[in-house]
Amino acid sequence: MSDLVFRALSLDKWQWSPSPLPGQVVLVTSRDEHGVIDVAPKSWVTMAAGSGPTVGFGCTREHRTAKNVEATGEFVINLPGVDLAETVWSMPDVPDRLAGLTTLPGTTVDVPVLRECPAHLECALDRIVEFSHGEVFIFGTVRRVGVDQRCLEPDAVGERYDRLGHPFFFLESGWLAPLGQAFPVSDRPAG
Ligand SMILES: Cc1cc2nc3c(=O)[nH]c(=O)nc-3n(C[C@H](O)[C@H](O)[C@H](O)COP(=O)(O)O)c2cc1C
């Protein structure tokens, strides 16, 4: 006889502890119609389709990110390493929108990429899906994937992830966790 018992968590995501669905933290750069640059942390982020390829992230409709993407049709998903965790966490509260981070021009989009992030995805807006309570999910077609060339140097796959700076995840309010050590399972392709 098993003593396994599944207890129900609240349907209010903000009450989840432990959250069974950590979300990778990214920094979305965008530009308004006057050229003003914005950067904001987002963590409801995912691959959406291999064709495109297409990625997506959840956002509040009233956030500058959503307004900018709707206005210009472009954005960049920058992937910070765990060394930037404290900076990223403080970003919504500091007056300097970039929180000291620096930019380089995008290659395929008129939106900058963040120099301190070891990778980024330059995206063109595919569609915006509306949910209730002012939430939207923004899908983008990836135009270019930029990765710091130092991430590509090691022959060992695990070391390439080390060089990516260990991407990190939002768990619950005040709690983040980095990607652990990469390990091989088999040569069978996933999917
Ligand atoms: C770690 C972290 C993750 C966040 N994830 C999201 C998210 O997935 N979606 C969202 O709309 N806001 C998220 N936020 C909140 C926004 O970053 C914050 O409200 C920001 O000020 C919005 O800026 P914007 O108006 O420039 O888009 C997150 C904040 C932090 C610190």
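The exercises below concern the ligand site and the pockets of this predicted model.

**Exercise 1.** Work out which residues surround the ligand and which elements supply them.

*Solution.* Begin with the shell itself, in which 16 residues surround the ligand, the closest being Asp38, Pro41, Arg64, Thr65 and Arg97. Next, assign the shell to elements: strand E3 (37-42), strand E5 (54-60), helix H1 (64-72) and helix H2 (85-90) each supply at least two residues, and E3 gives the most, with 4 residues. Finally, sort the shell by class, which yields 7 nonpolar, 5 polar and 4 charged residues.

**Exercise 2.** Find which backbone atoms lie within 3.5 Å of ligand N or O atoms, and state how much of the ligand the protein buries.

*Solution.* Take the ligand oxygen atoms to begin with: one is 2.7 Å from a backbone N or O atom of Arg64, and an oxygen atom is 3.2 Å from a polar backbone atom of Thr60. Then turn to nitrogen, where a ligand atom lies 3.1 Å from a polar backbone atom of Gly58. As for burial, the ligand taken alone exposes 640 Å², of which the protein buries 83%.

**Exercise 3.** Describe the largest pocket and the second largest pocket by volume and by lining.

*Solution.* The largest pocket, whose space is taken by the ligand, holds about 790 Å³; among its 27 lining residues, Trp14, Pro41, Lys42, Ser43 and His63 are the closest to its centre. By class, this lining has 16 nonpolar, 6 polar and 5 charged residues. The second largest pocket has a volume of about 590 Å³, and of its 22 lining residues the closest to the centre are Leu79, Ala119, Leu121, Val145 and Leu164. Its lining comprises 19 nonpolar, 2 polar and 1 charged residues.

How values were computed:
Residues numbered from 1 in each chain as written. Predicted model: local features only at pLDDT ≥ 70, side-chain atom pairs only at ≥ 80, totals over all residues. Heavy atoms only, no water. Near = heavy atom within 4 Å. Polar contact = N/O pair within 3.5 Å; in protein donor to acceptor, adjacent residues only side chain to side chain. Areas by Shrake-Rupley, 256 points an atom, 1.4 Å probe, with all protein chains shown as cover. 1 Å grid on protein atoms, 1.4 Å probe; cavity = no way out; pocket = protein on both sides within 12 Å on 5 of 7 lines; lining within 4 Å. Sits in = over half its atoms within 2 Å of the grid points. Nonpolar A, V, L, I, M, F, W, Y, C, P; charged D, E, K, R; others polar. Points joined across faces, edges and corners; volume = space filled by probe spheres on them.
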